[in-house]
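Student: I would like a close look at a single part of this model, namely the protein surface that faces one of the DNA strands. Could you take me through it in one connected account?

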Protein chains: 2
Amino acid sequence: MRWEEIDTQVCSIARGLAIFGDKWTLLIVRDAFRRVRRFSDFQKSLGISKHRLSDRLNRLVEVGILNKVLYDEKRARYEYRLTQKGIELYPVLMTVVQWGDKWVCDGDGSPVVFEHKLCGHEVQPKYVCDQCEKDITARDIVPKIGPGIERKLLRGEAVSRDSIDVKSITN
Amino acid sequence: MRWEEIDTQVCSIARGLAIFGDKWTLLIVRDAFRRVRRFSDFQKSLGISKHRLSDRLNRLVEVGILNKVLYDEKRARYEYRLTQKGIELYPVLMTVVQWGDKWVCDGDGSPVVFEHKLCGHEVQPKYVCDQCEKDITARDIVPKIGPGIERKLLRGEAVSRDSIDVKSITN
DNA sequence: TTGACAGGTTCCAAATTGGAACCCTATAAT
DNA sequence: ATTATAGGGTTCCAATTTGGAACCTGTCAA
């Protein structure tokens, strides 16, 4: 299978990664969260080639993660800003940060820490059950077929067996 | 800059993505959570070429996300299983699932839903402040220089200006 | 008038990929 | 005893993707 076909899987991970699972895209989104907005600033920050950057930015605009906002009419200059769809990638980025802080730090500790404006404390975001408020861990979660698969099956559509075979997530 | 150099940035996102930010790696990890364990099963599930798969599995073992476990001594057959380091990628994957469910579903709803063993309910995991328990959103978080950068600066090490320039994360 | 700046595009060499073919070992089937 | 099959690879090549350098264009500033 080639990469362009992975989003044919009935799987939100595959579909998500089809959008931002390549080498540079999430780093561009990271920079957008840091308020990097202009072509040349992305380039400086990432050291990516212009060609690639141009590609990636256009793609992100296409899929609705970034907006192109005119900031200089005469010279047709645009800024790239996160849309709501982009802003909601925040937990993805933050969970990567937390994993990285724990597993690929170099002994000096977290490069960046975070303050929660609402309570003023330094925050270690946590991932909890919305029903019982306990921490979510892989071992306590049982995946089940959801409507996205069920409805397709009811309509007789082919759904790869692989999507269906949802086993308990654990090693 | 070429991709192999991105983990020189003092940034947990860059360092994380240096490990699992390429096209197939996170999908392999996804499958590992689904209890896919053998070479040929990964291959069937992903449709990736053997060459690539071999590469990626070895890489994941190298960086300590998967363990190679002998299951047939005579024929030297191994299973690939998540280590603790791998299991802790769960929130990364789940936040991708939640984003994908919301933004790249096709009208049929979530392909897969999740039950929380501890309370028996269907769970929508949420990302909250460990101090005040309120939901975390990009707009309420202020990044600050952490020890990982500060200590390097105190030792006089070069830290790219880019890592330091931590602006409020918002558009 | 010259030059710098922002934001591209074009081109090529180098790296990465997918796919097919092949290899090796150990069991299973005939 | 011979053949087949399964698991897990490796080798090779053509196609795709990439990084980097060079070039283009329209505006402003000196």
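Tutor: What follows goes from the surface near the strand to the contacts with its atoms, and then to a pair of helices. The model is a predicted one, and the distances below should be read with that in mind. Around DNA strand D there are 19 residues, of which A:R52, B:M1, B:K50, B:R77 and B:Y80 come nearest; of the strand's atoms that come within 4 Å of the protein, 63% belong to sugar and phosphate. By type, the residues of this surface divide into nine charged, six nonpolar and four polar. Both chains contribute, since at least two residues each are supplied by α4 (50-62) of chain A and by α3 (39-46), α4 (50-62) and β2 (77-82) of chain B.

Turning to individual polar contacts, a polar backbone atom of B:F39 is 3.4 Å from a phosphate oxygen of DNA strand D, while an N or O atom in the side chain of B:Y71 is 3.2 Å from a phosphate oxygen of the strand. With B:R77 the partner is a base nitrogen of DNA strand D, which lies 3.0 Å from a polar side-chain atom of this arginine.

Helix α4(B), which supplies part of that surface, also packs against α2 (residues 25-33) of chain B: their axes come within 10 Å and cross at roughly 75°, and the two helices are therefore roughly perpendicular to each other. In this contact B:T25, B:I28 and B:V29 of α2(B) meet B:L53, B:R56, B:L57 and B:L60 of α4(B), a set made up of five nonpolar residues, one polar and one charged.

Methods
Residues are numbered from 1 along each chain as its sequence is written. Chains are lettered from A and ligands numbered from 1 in the order in which they are written. This is a predicted model: local features need pLDDT of at least 70, side-chain atom pairs count only at pLDDT 80 or more; totals for chains, interfaces and linings use all residues. Side-chain values use heavy atoms; hydrogens and water are left out. A residue is near a molecule or strand if one of its heavy atoms lies within 4 Å of it. A polar contact is a pair of N or O atoms within 3.5 Å; within protein, one must be able to donate a hydrogen and the other to accept it, and residues adjacent in sequence count only if both atoms are side-chain atoms. Helices (H or I, at least four residues) and strands (E, at least two) are DSSP runs, numbered from the N terminus. Ala, Val, Leu, Ile, Met, Phe, Trp, Tyr, Cys and Pro count as nonpolar, Asp, Glu, Lys and Arg as charged, and the others, Gly among them, as polar. Axes are lines fitted to C-alpha atoms, for helices over the stretch in contact, and angles run from 0 to 180 degrees between N-to-C directions. Angles under 35 degrees count as roughly parallel, over 145 as roughly antiparallel, 65 to 115 as roughly perpendicular and the rest as oblique. Contact means heavy atoms within 4.5 Å.
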